[in-house]
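Student: I'm new to this one and would like a close look at a single part of it. Could you pick one helix and walk me through it?

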Amino acid sequence: MSTAATVVWGRVEQQDFRSRVRGALLGGAVGDAFGAGVAALSLERIRDAHGPEGVVDLVPAHGRRGAVTAATQLTLFTVDGLIRAQVRRDTGAWHPPTDIHRAYLRWAATQHHWGPDERRADNGWLAREEWLYTRRDPPRASLLGLGDERMGTLESPKNPEARDAGALARSAPFGLLVGWEPQLVCQLALECAAQTHGHPTAFLSAGAFAVIVHGLARGGTLEDSARRALALIGARPGHQPVTDALTDALDAVRQGVPDADRVARLGGEGHSENALAVAVYSALVSEDIRHGLRLAVNHDGPSQLTGAATGTLLGALHGETALPPAWLAELEGRSTLLELADDFAMEMTQGPALHSPTAAAPGWLARYPRG
């Protein structure tokens, strides 16, 4: 797999990229936490509990305000896997889907073990973060798909009937590979989604989402990025449900004032393509990030996943400073998210200064082992 593109990183470009990376990861986590408190509720029950406007502020989930779910956990491990892939490239081993799969297996260990296994020198720093060792509503397909060491592929995917949105939000980091061409970003997202979610609409939705994030991370508009995703996904077998849902989201923008009923229609049965449509629509019509997230989570579907996807899009579009500071202040794992975001930005912009086939900074290899 060749990235086939070169990026020139001046100081301004590095600062903009880091802000978008932070925005995407923190925005996704904020949306996840915002939706987590109402994820199991219908719109009617949300309104009964929180008033006619639905939920408008963080509410407790998993014992606290600002708690994140497996959507954020898996996104963190996607980033970890991408950094490890870059580091391992020095050895001549270059197969990012394998490195992502290894990272997802490290996440799976957090769902079964009481805490970090200090005997595993190859775990790196993220797998030693104790707060990650808790189950936060992980998708069943993710647990099953990572229940053994066989890696699902597009030719032989895991869980071929799984079409929920569990692989969608975790695919955002692929879009942050701004030095890659969109078709390669899409391909990587497809291959990694198929490791747990083998239904075509699930992995194609993940690919489309990654391409949209990629366009935003490169400084493009949301509508142009969505249309590029339509073009790329439209060439794939089984694309129709995904391209129809994404087209409906773009068309809905011009159909009147945004409201919960329109979001509900786009949300359909809560499948992956429906979550993608809700996220794109909510981000396109949002007045600000709070407004976009309120649209994204007040419905009958998987609110934590649509919230995470919408927050990612808006964070990548506007950068970290546009995120609600009061929500960030309560966000679980914020320090870990920031640390990983900055490591990713540093790897992508200054990787040659950190490691090469002949030399490497010892501290970096301790954080991201090649093994």
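Tutor: Sure, let's take helix 8 and begin with the residues it tucks away. This is a predicted model, so read everything here as computed from that prediction. The buried residues of helix 8 are Leu222, Ser225, Ala226, Ala229, Leu230 and Ile233. If you look down the axis of helix 8, those buried residues sit within an arc of 145°, so they line one face of the helix.

What does that face pack against? The buried residues of helix 8 meet helix 6 (182-193), helix 7 (200-217), helix 9 (240-252), helix 11 (272-285) and helix 13 (303-318).

Now check the length. Helix 8 covers residues 222-233, which makes 12 residues, and at 1.5 Å a residue they should span 16 Å. The C-alpha atoms at its two ends are 16 Å apart, so the model agrees with that expectation.

Next, go to the N-terminal end of helix 8, where threonine 221 acts as a cap. One of the side-chain oxygens of threonine 221 is placed 3.1 Å from the backbone nitrogen of aspartate 224.

So, to put the picture together: helix 8 has threonine 221 capping its N-terminal end, its end-to-end span agrees with what its 12 residues should give, and its buried residues line one face. Those buried residues, Leu222 and Ile233 among them, are the ones that pack against the other helices, including helix 7 and helix 9.

Terms used. Residues numbered from 1 in each chain as written. Predicted model: local features only at pLDDT ≥ 70, side-chain atom pairs only at ≥ 80, totals over all residues. Heavy atoms only, no water. Helix = DSSP H or I, 4+ residues; strand = E, 2+ residues; numbered from the N terminus. Expected span 1.5 Å × (residues − 1). Buried < 20%, exposed > 50% of the residue type's maximum accessible area, 1.4 Å probe, protein only. Arc of directions from axis to C-beta. Contact = heavy atoms within 4.5 Å. Polar contact = N/O pair within 3.5 Å; in protein donor to acceptor, adjacent residues only side chain to side chain.
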